[in-house]
Amino acid sequence: MYEKQFRTTSKIYFIILFLNKKTNFKPKNNNYSIMKNIYTILFCFLILCACREDNELANFDSSNANSFNYKFESISGVLADLMKDSNVRKYMKKRSLEKFDGDYNVLFQDLLSVSTLTGETVKQKLNKENPQILSAIMTQPLLTLLVPSLHKFSADNWDTENDPLPLIAFSKENNEIYYTAADGFSFTQSIEFRPTFPVIILKQNENLVLSHNAQNNMMSYNSNDFNYSYITNPLVDIRDNYNSNKREMLQPDPKVLAAYTKALNNPTCNTCYQKDYIYYDISPSDEINRGEFNKNYTEAITSLKVESYNVLETITDDWTEGNLELHFNIFFIGASDQLSVTTKTFILDPENLYNTEYETICKEFPFPIPGKEYCFEKEVEKVAIEYIFNPAIQIVPWDMQLYGDRWHIQVEEYDPSTQITRTVSAETTKGSNFEAEVGADIFKIVKIGAGLGSNSTSTKSSNMQVTYTTESDQLGSIIHTWYNPVITAYDPLMIDVPPLGQLPIPKWEGFVQSTGTVVVGIETLRTSK
């Protein structure tokens with residue numbers, strides 16, 4: 001029932017057998033009386049251990065989060081035992097694949113309502129067999145079970161009928177993972193060794209907070225009389241769709257390609273900016289210097305690559321955390337000349353940011369089953385690769401009259417923790433090269449000249465307080481300007497090999513910019529015809 005007592009009992013039991021063998025004990029004379037006293041003392045000691053464990057659970061202080069970490073061992077044992085039930089395993093796979101919070105998570109409160117093979121719910125089973133464990137669980141409504149995405153095991157490839165029963169694991173201090181099997185056996189292993197066997201991570205949810213009032217909207221979630229609010233909207237925010245190579249095989253939009261060609265064909269034109277032609281049809285090389293804003297295009301984040309090996313290690317080494325949550329904070333100075341921010345979120349499997357080779361290491365345990373073996377994988381080397389967002393992360397159409405010539409973009413890998421505020425400052429330059437045109441039936445604003453034009457300009461500066469968390473990894477910032485190209489290379493003679501069933505297309509490259517930590521791809525894309 002409690003794996004800690006089981007381990008303690010087993011250890012003492014083998015000590016007794018060892019002493020018995022060494023002393024060649026036979027039950028006669030005074031030796032029998034001595035050994036009888038030893039057995040009595042040991043038995044009393046075990047009883048006291050069991051009582052101590054019960055009292056620890058009964059006296060659990062739910063206000064102390066650190067205190068609860070010590071109960072993960074007991075909960076892990078009970079949860080590992082639950083995994084013997086095929087109904088529970090099937091639910092875990094099905095629910096984790098739904099990614100209700102953006103990751104392969106199952107809220108423990110949801111698991112409590114699952115029917116077991118005996119017909120009773122998980123909650124009823126725990127209430128009958130482990131009421132103190134259930135009480136501890138109910139004090140932690142954010143307790144969550146993650147089916148991790150590993151090289152040899154994931155929610156997608158989990159065969160709940162034929163795979164070995166999953167072990168339950170959780171992170172401890174000093175980068176160690178504590179594992180518990182259904183037979184009560186437990187051990188610790190360094191976090192750098194990733195299991196090749198089925199495993200479920202016990203952790204606190206990172207995308208939910210408790211809410212005092214029940215709500216019914218896409219930013220709320222309700223379970224087992226608890227009300228929650230999402231930190232990041234899992235229904236709206238873009239998610240990794242594990243098909244990242246589709247976009248890079250597409251032909252550039254004809255107008256975007258034309259903007260590149262016009263600038264390329266006139267190398268002496270210092271004001272042939274690709275965005276001018278895309279958004280306003282302005283082309284100095286064609287002597288077209290006036291144009292109306294085209295809302296059918298938008299700026300978009302199209303790719304990401306980690307430059308720093310140390311940063312790659314930092315944001316991808318803890319496989320128990322699940323997917324990465326990338327935040328792109330885009331700062332504008334708009335019509336009010338005040339700084340504002342919009343945040344775009346992308347949830348990403350960290351293994352899509354690098355290639356690696358694995359070394360398999362197996363460890364044999366002589367107890368409780370002789371010859372019992374668990375195999376792990378260790379990453380030998382990581383090589384960063386470019387990830388293509390598909391679909392691209394759309395920002396907004398760039399209305400130069402509204403936003404001027406600069407945007408500031410900050411990138412972070414978000415982790416919920418203690419909040420802090422920082423001051424962010426930005427500036428942009430706005431031109432006066434816009435005028436109204438009034439016709440019989442229309443009124444429109446037209447831009448005159450490329451870039452900021454030849455009229456007067458004004459530089460606007462502003463700052464604002466922005467909230468961050470202490471555990472988030474800051475991945476740097478860039479200044480995205482109007483003058484940055486969209487396409488940087490296009491060679492019709494270099495043909496990319498397309499996927500089966502698609503026509504070959506010329507090789508081309510979009511604009512990328514480095515924060516010093518990551519390289520971000522930013523392009524102008526068509527949103528509608």
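The exercises below, each with a worked solution, concern a predicted model.

**Exercise 1. Describe the surroundings of Thr429, starting from its place in the chain.**

Step 1. Thr429 belongs to strand β20, which covers residues 419-431.

Step 2. The relative accessible area of Thr429 is 8%. Buried means under 20%, so Thr429 is classed as buried.

Step 3. The side chain of Thr429 has a polar contact of 2.4 Å with the side chain of Arg406. The side chain of Thr459 is also joined to that of Thr429 by a polar contact, at 3.2 Å.

Step 4. With neighbours within four places in sequence left aside, Thr429 is in contact with Gly404, Asp405, Arg406, Leu452, Thr457, Ser458 and Thr459. Both polar partners, Arg406 and Thr459, appear in that list.

**Exercise 2. Locate Asn174 and Glu287, and decide whether each is buried or exposed.**

Step 1. Asn174 sits in the loop between β3 (167-172) and β4 (176-180). Its phi is near 65°, a positive value in a residue other than glycine.

Step 2. Asn174 has a relative accessible area of 69%. The cut-off for exposed is over 50%, so Asn174 counts as exposed.

Step 3. Glu287 sits in the loop between α10 (274-280) and β12 (290-292). Phi of Glu287 is near 60°, again a positive value in a residue other than glycine.

Step 4. For Glu287 the relative accessible area is 69%, so Glu287 is exposed by the cut-off already used.

**Exercise 3. Work out which strands stand at the edges of the open sheet that contains β13 and β28.**

Step 1. The sheet has 4 strands in the order β18-β13-β28-β27, with antiparallel pairing.

Step 2. β18 and β27 (512-514) each have a single partner strand, so these two are the edges and one side of each has no neighbour in the sheet.

Step 3. From one strand to the next, the twist averages 25°.

Step 4. Strands β13 (residues 297-306) and β18 run antiparallel and are joined by 4 bridges. In this pairing Leu304 is opposite Tyr387 of β18.

Step 5. Strand β18 (residues 387-394) also holds Pro391. The peptide bond between Asn390 and Pro391 is cis, with omega about 5°.

**Exercise 4. Characterise the largest nonpolar core and one of its residues, Phe108.**

Step 1. This core has 49 residues, of which Met92, Phe108, Tyr179 and Leu202 touch the most other members.

Step 2. The element that gives the most to this core is helix α4 (residues 72-82), with 6 residues.

Step 3. Not counting residues up to four places away in sequence, Phe108 touches Ile75, Leu79, Ile137, Leu143, Thr144, Leu145 and Leu202.

Step 4. Another core, of 48 residues, lies apart from it; its members include Ile282, Tyr297, Ile330 and Ile522.

**Exercise 5. Classify the aromatic pairs Phe153 with Trp158 and Tyr179 with Phe376.**

Step 1. The structure holds 30 aromatic pairs.

Step 2. Phe153 and Trp158 have a centre-to-centre distance of 5.7 Å and 70° between the planes, making the pair edge-to-face. Both Phe153 and Trp158 are buried.

Step 3. For Tyr179 and Phe376 the ring centres are 5.8 Å apart and the planes are at 70°, so this pair is edge-to-face. Tyr179 and Phe376 are both buried.

Step 4. Tyr179 is in strand β4 and Phe376 in strand β17 (residues 372-384), so the pair ties together parts 197 residues apart in sequence.

Technical notes
Residues numbered from 1 in each chain as written. Predicted model: local features only at pLDDT ≥ 70, side-chain atom pairs only at ≥ 80, totals over all residues. Heavy atoms only, no water. Buried < 20%, exposed > 50% of the residue type's maximum accessible area, 1.4 Å probe, protein only. Polar contact = N/O pair within 3.5 Å; in protein donor to acceptor, adjacent residues only side chain to side chain. Contact = heavy atoms within 4.5 Å. Pairing = 2+ DSSP bridges. Axes fitted to C-alpha atoms, helices over the stretch in contact; angles between N-to-C directions. Core = buried A, V, L, I, M, F, W, Y, C linked by side-chain atoms within 4.5 Å. Phe/Tyr/Trp six-rings, centres within 6.5 Å; stacked < 30°, edge-to-face > 60°.
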